[in-house]
Amino acid sequence: MSPNAPRQLFTLIVFSENSVGLLNQVSNVFTRRGLNLEDVSASPSSIPGVHKLTLTCWADLPTMEKVVKQIEKRIDVLKVHLYTDDDIVYQEIALYKVSTQRLLEEQYLESIIRQFAVRILEMTPEYTVLEKAGHRDETKALFDVLKQYDLRQFVRSGRVCVSKSPIEYIDQFLEEQEIRHNSEC
């Protein structure tokens with residue numbers, strides 16, 4: 001990393017074919033540069049046959065620009081986009097398992113559920129599973145509060161996001177590739 005460049009959280013969106021080993025290849029690019037991935041999530045994209053890998057990492061811009069170029073060299077990668085939090089709309093989902101008995105006994109816990117806009121996904125005599133969608137600081141704040149109330153399990157998804165751009169860059173990229181391919185034929 002550049003010693004004087006400021007570090008910030010970047011989100012990379014990798015559009016690719018759904019191929020075995022791609023996540024390993026991509027994570028190796030970060031490992032070789034001594035970068036730690038904060039979040040990883042993968043899903044199909046809006047384009048049939050194209051998958052979307054979302055990664056977050058703390059680094060400086062020059063380093064991340066180099067990472068993007070290295071990832072785009074992979075055969076199965078179609079395009080990589082680099083974003084800051086200002087460029088995207090993003091969320092995470094967190095699940096919390098708490099004691100149903102404590103949930104019913106504690107009046108304050110009901111207000112916590114309302115305050116944090118929590119959904120109850122499942123309730124049994126032994127436990128209740130709560131869901132919170134939001135940013136990392138919101139899911140962490142709820143975690144910190146629920147630790148006092150017999151929190152039994154906790155899990156948080158990786159970041160999912162869409163760009164604020166009015167166009168889908170992968171669509172534009174694929175159209176350009178198609179035009180180039182047709183002009184070569």
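Helices and strands here are DSSP runs, numbered from the N terminus: a helix is H or I over at least four residues, and a strand is E over at least two. With that in hand, we can start at L121, which lies in strand β6, residues 119-123. Before going further, please note that this is a predicted model, in which local features need pLDDT of at least 70, side-chain atom pairs count only at pLDDT 80 or more, and totals for chains, interfaces and linings use all residues. Residues are numbered from 1 along each chain as its sequence is written, and side-chain values use heavy atoms, with hydrogens and water left out.

Back to L121. Its relative accessible area is 40%, so L121 is partly exposed; buried means under 20%, exposed means over 50%, and partly exposed is in between (1.4 Å probe, protein chains only). L121 joins I93, L95 and V155 in a nonpolar surface patch of about 300 Å². A patch is built from residues with over 30% relative accessible area and no salt bridge; nonpolar side chains (Val, Leu, Ile, Met, Phe, Trp, Tyr) are joined within 5 Å, and like charges within 9 Å. The areas come from the Shrake-Rupley method with a 1.4 Å probe, and for residues only the protein chains shown count as cover.

A charged patch can be found too. R32, R33, K66, K69 and K73 form a positive surface patch. For charges, Lys and Arg count as positive and Asp and Glu as negative, while His and the chain ends are not counted; the place of a charge is NZ of Lys, CZ of Arg, CG of Asp or CD of Glu. Of these patch members, K66 sits in helix α2, residues 61-72, and K66 is partly exposed because its relative accessible area is 46%.

Helix α2 also holds I71. Is I71 buried or exposed? At 0% relative accessibility, I71 counts as buried. Setting aside neighbours within four places in sequence, I71 is in contact (heavy atoms within 4.5 Å) with L12, V14, V26, V29, F30, V77 and V80. By contrast with those contacts, I71 and E92 are 21 residues apart in sequence and 24 Å apart in space, C-alpha to C-alpha.

Now turn to strand β1, residues 8-16, where you will find S16. S16 has a relative accessible area of 4%, so S16 is buried. Not counting residues up to four places away in sequence, S16 touches L22, G49, V50, H51, D76, V77 and L78. V77 therefore appears in the contact lists of both S16 and I71.

Let us finish with the salt bridges, each a side-chain nitrogen of Lys or Arg within 4 Å of a carboxyl oxygen of Asp or Glu. How many does a search of the whole structure find? There are nine salt bridges. One of them pairs K79 with E72, the closest N and O atoms being 3.6 Å apart; K79 is partly exposed at 25%, and E72 is partly exposed at 29%. Another joins D144 to K147, with the closest N and O atoms 3.8 Å apart. D144 has a relative accessible area of 30% and K147 one of 49%, so both are partly exposed. R152 and D150 also form a salt bridge, with 3.4 Å between the closest N and O atoms; R152 is partly exposed at 43%, as is D150 at 31%. Elsewhere, salt bridges that share partners join D39, E92, R136 and R156 into one network.
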